[in-house]
Amino acid sequence: MKTLLITLVNLFLFGATVFAQSDKYQKAMEKNVALFDTARSVPSILTLESAFGRIAAVEKTQWLPYYYAAMCATTLANREADKNNVDAWADKADALAAKADSLSPNNSEISCLKATIHFARINVDFMARGPKYSALGSQALQQALTQNPNNPRAMIVLAQLRSSAPAGYGGDKEQACQLANRAVQVFAQESATGIAPHWGSKSATKLAKTCEQTAQK
Amino acid sequence: MIRFSASLFLIVFFLFNHPRTAVAQAARVSGTVTYNGIRPLAQVTVSLDGTYDGAITNAKGEFSFDTDEKGTFKLVAKAAGFVDVSLPVELSGAAPLKLKVVITTKSMLLKDVVVRPRLFDLNDKNKYTTLSPLEVLTTATDGNVLSAMKTLPGAQPVGESGDLFVRGGTGTETKVYIDGLLVSNFTYSSPSNTAARSRFAPGMFKGTFFSTGGYSAQYGQALSSVLVLETEDQPVKSSTELTISPIMMTAGTQRLNADKTLSYGGGIGHTNLSLYNVLLPGTVQFTRKPAFWDGNAFVRKQFRNGGMLKLYVNGGWSVLGVNHANIDYSGITNRISLTNHNLYTNLTYRQNLAHGWKWQSGLSYGRNVDQTGLGIRFENGARPDSITGQTDASSLLQFRNVLSKMVLNRTRLTVGAELHRVTEQQNTTRFTDLFMASFAETESYITDRLSARMGVRVEYSSLLGRANVAPRLSLGYSTGADGLLSVSYGKFYQKPDRPFLLKTPALTYTSADHYIVSYQKIGAERTFRTEVFYKQYANLIRTIPAPNNGGSGYARGFELFYRDKKSIKGVDFWVSYSFLDTKRQFLDYPTAVQPSFAARQTLSVVAKHFFSGIKTNLGLTYTYGAGRPYANPNRSAADFMTDRLPAYHNLGLSLAHLMAIRKAQSVLVLTVSNVLGNEQIFGYTYSTTHPDRREAIRPTNNPFVFIGLFVTLGVDRRQEIINSQL
């Protein structure tokens, strides 16, 4: 009986520690993801990138810190004024995405993330890189949509590609609008809080609106 | 019991969760990170190892963060390009902690990719002019890699040859390497005094590096310059490409497997100038219109261990026939025919080995046969007995092995060896040469700003029965964020050209010493480079009385290069200017003179703009070359090469229009060389029997117009996944 009691106590102690740890993780992520949702300035994104990086380094088994760190690095690649530095950020994002991928294989969100990294690289030299990286990005998006046909982020990123690329190079305005409208519907059912990826709703609404205006003309 | 456990659980839960928020007080950890206590470092990641807490430094190297942790921790500072620093910290609670983190050691091993301004760059390619495949495509108005190089400083506008003439050197003083392996017949065969194009499509190379002197010990047998080409790794996706033009048709396909580790493909091409010469007849009278048949195939395999194997095979066959009035005897026509067979194979493998070694290996075999026929036709018809034929066969089998490794944290060591088996044959005269070379080179940082590359190359040729030792040295000093001042010295050896070795094998290496001072400032959108050079030639081949190594010469001058993608919105332009003062006594030159292939001044301006509205890229290339000397046999030896050709002007235009044909991405290309129709004379051929008779050497077609449609058909069916969902 006594042994059982000790075992039970130990079990609870252990369970509580784990619970406390994951609670700490949850809280840190909630705080940083909330910041991520509103972060606009480069210094704030830099700070978030390192914050997610530190959480990832401690947790080691969670894919979300890596995912968000990679999202931050991709944003920094897009915001980088010096074209010589874009690839370094994209490389970093790729490395983080690869870690996330190894922790959560076959994840539609990570495939979508990879697509955005490819697109970030195009900015360095639009003419030279456009064909290669838009093809790679669209392949990654196709994969994201195969893994989860209802991933609204993959839909909106693809819609943006279809809307901006020239015809013959992945451009298709009509399809862009269809995708944007579908993304808006899915976003409406999705929670806009929590630590799971939930970005993209605003872009979808904006593109859907542009489509509507174009259709009216 | 159950109730007891439940209450225990609650207690435990409370103990482990709430004290943290109730009791713990955040302590502030702040400080600065510097390099050697002087220079503040920005964007350094500072963290308490094993916790979520940390920060990154600002532009002043300052950081600060709050932490609830207590006890002994490791504070780790990580900065790209530096060795990580960790120091123990004791966190007792409320007391703030102020720290000075000093980073002392630079590292060239980037463990984590972190973005920061470039401190230094030891990459040798820094010293080369680099063009991306697209830049080559949109600059070269004829789809010829070499034409794009001719717009860069150091290259001479020599229109009568397809070779690259660099800084007073002959065309054979420039060598082309593909993935480290020498290519001996980079261009198609052509009759003398006509320029030939490259056999290799610009699109197959991911990187093009053009060195106009002082190059690395990894390359040799080129007195003036090397053009280093790197082939693409795996393609992005499977596709099929077609080219449709009145002068050529090509079809190529590439397949990529699902996990992107294996690709293979091939293509065939046929170029035929028959129709072109009917529409726009040039100066040359063809008896057989130039026709070229080409085929190529490739396999690229990425292994699980990271190794990359590439095989490339290219074969070609071409024929042409020309009628040319004999300049020595009137009423006689020379009938020249040229048939060429060419094979080039290139097999390379690269892999990272244990202990940081990188290994690169290559095997290549190339064979080229030119059959030239010369017939004399009298006005009353051909006389079969007067036809002479000449067969020139060359083969090159080579093997190359290179190992490199980072040593001592700040130095890269590269060692390698190559072995060539060369055979050359003209009719029944032939020779075989076993050529060996080995090299060792280090690239290192002596201080933060000062870098050095030291190399030595040892070569031995069995035919010449001699070895040579060629030292190479280059020092770089970085001035500010993107400026680099460098000085280079190198000794370069080259075997005498084929025709001399066929006649007289008892020759020795020709040689050149390069002294170069250069300054460059490379920004994201603007590049400026200037170079001053001096090149001393020795042991050049003289042909009088018999081939010997008695020639010599020098070349000196300066070059300017400015490239700007920013100042004019959407326009990428560059300007190259070269000043060249050179004299040499070689071949049959009676004295040391400025040779016929050297222009004193050369200017190139290239501008490109993409009109996004009409999806069309416009490229303009203007080249000016001061009048080059030519030999006039009517002058005395004292006045040898004193005549000058008219200056060379060439304005090239290229238009590329992107469009979709049934959703297949297509590019319609129109290129025109010498749009303005300026008269271009590359030299004169004088009659040996009547020195008063001469004939100008001109471009075969002036202007030359090319129109073609390039269509890429994706063979990807994945698109349908999206469509099925909508």
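# Briefing: helices of chain A, sheets of chain B

Let's start with helix 9 (residues 201-216) of chain A: its 16 residues should span 22 Å at 1.5 Å a residue, and its end C-alpha atoms are 23 Å apart, which agrees. Please keep in mind that this is a predicted model. From helix 9, the tour goes on to the nonpolar cores, and then to the strands of chain B.

**Helix 9 of chain A and its two sides**

- The buried residues in helix 9 of chain A are A204(A), L207(A), A208(A) and C211(A).
- Looking down the axis of helix 9 of chain A, you will find its buried residues within an arc of 100°, so they line one face of the helix.
- This fits a general rule: an α-helix has 3.6 residues a turn, so residues three or four places apart point the same way.
- On the face turned away from that buried side, helix 9 of chain A carries the exposed residues K202(A), K209(A), Q213(A) and Q216(A).
- The cover over the buried residues of helix 9 of chain A includes helix 7 (152-164) and helix 8 (173-189) of chain A.
- A180(A) touches four residues named above, A204(A), L207(A), A208(A) and C211(A), as well as I156(A) and A159(A), leaving out residues up to four places away in sequence.

**Helix 3 of chain A and the nonpolar cores**

- Helix 3 (residues 63-79) of chain A has 17 residues, and the distance from its first C-alpha to its last is 24 Å, close to the 24 Å expected at 1.5 Å a residue.
- Because 15 of its 17 residues are buried, helix 3 of chain A is largely enclosed by the rest of the structure.
- The largest nonpolar core has 83 residues, and those touching the most other members are Y67(A), A70(A) and A180(A).
- Helix 3 of chain A is the element that gives the most to this core, with twelve residues.
- There is also a second, separate core of 55 residues, with F205(B), V226(B), L464(B) and F492(B) among them.

**A loop residue in each chain**

- In chain A, T61(A) sits in the loop between helix 2 and helix 3.
- T61(A) counts as exposed because it has 7 C-beta neighbours inside 10 Å, and the cut-off for exposed is 12 or fewer.
- From C-alpha to C-alpha, T61(A) and L103(A) are 6.4 Å apart in space, although 42 residues apart in sequence.
- In chain B, Y509(B) has its place in the loop between helix 5 (498-503) and strand 28 (510-522).
- Y509(B) counts as buried because it has 21 C-beta neighbours inside 10 Å, and the cut-off for buried is 20 or more.
- Setting aside neighbours within four places in sequence, Y509(B) is in contact with L464(B), R466(B), N468(B), Y493(B), Q494(B), K495(B) and N539(B).
- L464(B), one of these contacts of Y509(B), also belongs to the second core.
- Y509(B) and K206(B), 303 residues apart in sequence, are 33 Å apart in space, C-alpha to C-alpha.

**Chain B as a whole**

- Chain B contains six helices and 40 strands.
- Of its 726 residues, 34% count as buried.
- Among contacts in chain B with a separation of 6 or more, 60% come from residues 24 or more positions apart.

**A four-stranded open sheet in chain B**

- Four strands of chain B form an open sheet in the order 4-3-6-7, with antiparallel pairing.
- Strand 4 (54-56) and strand 7 (85-91) of chain B are its edge strands, each pairing on one side only.
- On average, neighbouring strands of this sheet are turned by 15° against each other, direction ignored.
- Strand 6 (residues 71-78) and strand 7 of chain B run antiparallel and are joined by seven bridges.
- Opposite A77(B), in strand 7 of chain B, stands V85(B).
- Chain A comes in here too: its helix 2 (residues 42-59) lies across strand 3 (45-48) and strand 4 of chain B, running at about 145° to strand 4.

**Strands 30, 31 and 32 of chain B**

- Strand 30 (residues 548-564) and strand 31 (residues 571-585) of chain B run antiparallel, with 13 bridges joining them.
- Strands 30 and 31 of chain B make a hairpin with six residues between them, and G570(B) in the turn has a positive phi of about 80°.
- Strand 31 of chain B is also joined to strand 32 (residues 601-611) of chain B by nine bridges, and these two run antiparallel.
- V575(B) in strand 31 is the bridge partner of Y562(B), and V605(B) in strand 32 is the bridge partner of V575(B).

How values were computed
Residues are numbered from 1 along each chain as its sequence is written. Chains are lettered from A and ligands numbered from 1 in the order in which they are written. This is a predicted model: local features need pLDDT of at least 70, side-chain atom pairs count only at pLDDT 80 or more; totals for chains, interfaces and linings use all residues. Two strands pair if DSSP finds at least two bridges between them. Axes are lines fitted to C-alpha atoms, for helices over the stretch in contact, and angles run from 0 to 180 degrees between N-to-C directions. Two residues are in contact if their C-beta atoms, placed from the backbone, lie within 7 Å. The expected span of a helix is 1.5 Å times one less than its number of residues. The arc is that of the directions from the helix axis to the C-beta atoms. A nonpolar core is a set of buried Ala, Val, Leu, Ile, Met, Phe, Trp, Tyr and Cys residues joined through C-beta atoms within 7 Å.
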